[in-house]
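Biologist: I would like a close look at a single part of this model, namely one helix pair, with enough of the surroundings to place it. Please say as well how far the prediction can be trusted.

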Amino acid sequence: MPYEEIHEVLDEIPDGKEINFDEFKQLVSPSVLTQVTQATMTFGSAFGAMLGGDASDEKLQEVFKKIDADESGLLDKNELERALFRMG
């Protein structure tokens, strides 16, 4: 994922906002009931590779925990940015 695209996605997240597991699930696996934004589509495609086609709650929780560097149970912009850069 290009640097500019990563920052476009992250710019949609308000400063200081931390994302819990349920919000992460909505970002990476939008459902019919979720309003799909460009950020959701980008997160979904970026994290899709990390999920390996398995979007089960168990697999999503595993990915969430890998990204949650400070083990707070919440993801901040820095943790999301590092994860997106690692995935390329």
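At what angle do the axes of helix H1 (residues 3–11) and helix H5 (residues 77–87) cross, and within what distance do they come?

Modeller: This is a predicted model, in which local features need pLDDT of at least 70 and side-chain atom pairs count only at pLDDT 80 or more, while totals for chains, interfaces and linings use all residues. Residues are numbered from 1 along each chain as its sequence is written, and side-chain values use heavy atoms, with hydrogens and water left out.

To your question: the axes of H1 and H5 cross at roughly 150° and come within 11 Å of each other, the axes being lines fitted to C-alpha atoms over the stretch in contact, with angles from 0 to 180 degrees between N-to-C directions. H1 is therefore roughly antiparallel to H5 (over 145 degrees). On the H1 side the contact (heavy atoms within 4.5 Å) is made by Tyr3, Ile6, His7, Leu10 and Asp11, which meet Lys77, Leu80, Glu81, Leu84 and Phe85 of H5. Sorted by class, the residues of this contact are six nonpolar, one polar and three charged (Ala, Val, Leu, Ile, Met, Phe, Trp, Tyr, Cys and Pro are nonpolar, Asp, Glu, Lys and Arg charged, the others, Gly among them, polar).

One residue of H1 deserves a separate word, namely isoleucine 6. Isoleucine 6 has a relative accessible area of 0%, so it counts as buried (buried under 20%, exposed over 50%, partly exposed in between, for a 1.4 Å probe and protein chains only). The C-alpha atoms of isoleucine 6 and arginine 82 are 10.0 Å apart, although 76 residues separate the two along the chain.

The pair belongs to a chain with five helices and zero strands (DSSP runs numbered from the N terminus, helices H or I of at least four residues, strands E of at least two), and the order of elements from the N terminus is α-α-α-α-α. Of the 88 residues in the chain, 35% are buried. Among the contacts between residues at least 6 apart in sequence, 64% join residues at least 24 apart.

A second packing, that of helix H2 (residues 21–28) with H4, has its axes 10 Å apart at an angle of about 110°. H2 and H4 are therefore roughly perpendicular to each other (65 to 115 degrees). From H2, Phe21, Phe24, Lys25 and Val28 meet Asp57, Leu60, Gln61, Val63, Phe64 and Ile67 of H4, and this contact holds seven nonpolar, one polar and two charged residues.

Two loop residues complete the surroundings. Serine 56, in the loop between H3 and H4, is partly exposed, with a relative accessible area of 30%, and its C-alpha lies 9.7 Å from that of lysine 25, 31 residues away in sequence. Glutamate 71, in the loop between H4 and H5, is exposed at 70% relative accessible area, and has a positive phi of about 55° although it is not a glycine.

As to trust, the average pLDDT of the chain (the predictor's confidence in each residue, from 0 to 100) is 77, and 67% of the residues score at least 70. Confidence is highest in helix H4 (residues 57–67), with a mean of 89, and lowest in helix H3 (residues 38–51), with a mean of 59. Over residues 32–36 the pLDDT is below 50, and beyond near neighbours in sequence this stretch has four contacts in the model. Where pLDDT is low, the predicted coordinates should not be read in detail.

Definitions and conventions. Parallel < 35°, antiparallel > 145°, perpendicular 65-115°, else oblique.
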